[in-house]
Amino acid sequence: MSLVKTKRFVCFVLAIVFCIGVSAFPVNTVSASTYTAFDVNVGLYVNTPSLDSRLFSSLNKSADGFDIGYLSGGFNKIFTIDNSSVILLPQVNASFANGSCYADNNGNIGAYSAVIGSYPTYSAALSAAKAKNGFVAVVNGGFEARAYSSNTAEKAKTSSGGRAVATPASNGMITLDGASGKILFTYEDSSHKLTIRSKNGGSVNLPLRHYTGSISSFDFLGVFEYSVSGGLLWMGNIHGLEDYTKCVMANEIGTNYSVETRKAFSVLARTVPYHHKHANSGFDVCTNPACCQVYHGTFRMSEENNQIVDSTRGQICTYNGKPIVVLYHNSNGGASCSSVAAW
């Protein structure tokens with residue numbers, strides 16, 4: 001096999017010993033029977049050392065609607081919504097305009113709301129909320145029907161005729177209809193993170209901040225787990241290791257290299273998440289190419305590369321029985337050296 005070189009002129013430094021076999025160190029590929037495959041949590045909105053990719057609001061699109069739930073031994077669905085686009089944001093005062101949101105104490109979205117009643121099921125809470133042109137709040141232990149979303153507790157109390165006022169949760173989230181800005185539900189369950197997915201298992205389109213600072217929208221597979229910190233959204237895109245590898249292949253190496261080169265690359269790309277580089281933030285990898293690997297969901301994905309990934313299924317690169325640390329460099333100036341000399 002030849003040295004792997006990608007479209008962005010990136011080489012796997014430690015991959016050299018694997019690809020051209022010039023090292024005396026025992027580097028081997030092993031099957032998934034030795035290293036169990038897992039669901040990779042890719043930090044899409046995460047504060048990495050070189051890039052804070054968190055956002056105040058996220059516009060998610062799925063033609064089929066969304067399943068709303070949480071992760072615990074798999075995805076647990078709470079309810080389904082048919083809206084084709086939703087906006088998620090922290091539970092604070094905000095303004096909605098032209099399909100986007102921003103924090104605003106005088107905005108048209110309030111953090112406080114009046115409690116109509118508590119209910120054991122989502123459907124019962126939704127029925128009561130609709131009668132008052134309100135929305136559902138997912139809270140610890142059940143559901144509430146809410147109305148009169150206001151900027152302050154005093155306003156909410158006055159407009160609700162003296163009924164109980166729900167104050168915003170520090171980790172709470174608001175979900176709006178992406179077209180109208182109407183509140184669909186709030187999520188205030190402290191025991192689980194809010195998780196959404198496309199209703200029929202399709203892709204979800206959402207914005208991603210590049211390492212350059214620009215924002216573009218891409219299609220992503222799997223489920224999306226949200227949390228709030230510092231007034232911003234953190235989000236992980238979670239799906240299988242093989243799907244993650246296929247997404248990386250599409251943008252790191254493309255289809256302009258030999259099949260054998262891409263086979264080697266797929267093994268190395270699959271190895272990266274095993275080090276759980278961002279475990280302290282709750283993720284395995286991020287999308288910043290200067291930190292982990294280029295990850296733009298299904299963008300540029302090809303059937304040819306997918307078949308190559310399938311041909312190496314379960315294989316990772318190891319040294320002394322452990323996954324290697326796979327490192328990149330952006331440019332080698334036309335020459336490279338042994339990892340022994342580099343370190």
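These legends describe close-up views of a predicted model.

**View 1. An open sheet of 7 strands.** The strand order is 8-7-18-21-22-3-23, and the pairing is mixed. Strands of a sheet pair through backbone hydrogen bonds, either parallel or antiparallel. Strand 8 (75–81) and strand 23 (285–286) stand at the edges. Each has a single partner strand, so one side of each lacks a neighbour in the sheet.

**View 2. Strand 7 beside strand 18.** Strand 7 covers residues 66–71, and strand 18 covers residues 194–198. The two run antiparallel and are joined by 4 bridges. Look for Asp67: Arg197 in strand 18 stands opposite this residue.

**View 3. Helix 4 on the sheet.** Helix 4, residues 241–252, packs on the sheet. The helix touches strand 3 (39–45), strand 22 (232–240) and strand 23. The direction of helix 4 makes about 105 degrees with that of strand 22.

**View 4. Asn98 in its loop.** Asn98 is found between strand 10 (94–97) and strand 11 (100–103). Most residues other than glycine have a negative phi. Asn98 is not a glycine, yet its phi is positive, at about 55 degrees. Asn98 counts as exposed because its relative accessibility, 80%, is over the 50% cut-off.

**View 5. Arg300 in its loop.** Arg300 is found in the loop between strand 23 and helix 6 (303–311). Arg300 has a positive phi of about 65 degrees, although it is not a glycine. Is Arg300 buried or exposed? Its relative accessible area is 54%, and exposed means over 50%, so Arg300 is exposed.

Terms used:
Residues are numbered from 1 along each chain as its sequence is written. This is a predicted model: local features need pLDDT of at least 70, side-chain atom pairs count only at pLDDT 80 or more; totals for chains, interfaces and linings use all residues. Side-chain values use heavy atoms; hydrogens and water are left out. Two strands pair if DSSP finds at least two bridges between them. Contact means heavy atoms within 4.5 Å. Axes are lines fitted to C-alpha atoms, for helices over the stretch in contact, and angles run from 0 to 180 degrees between N-to-C directions. Buried means under 20% relative accessible area, exposed over 50%, partly exposed in between (1.4 Å probe, protein chains only).
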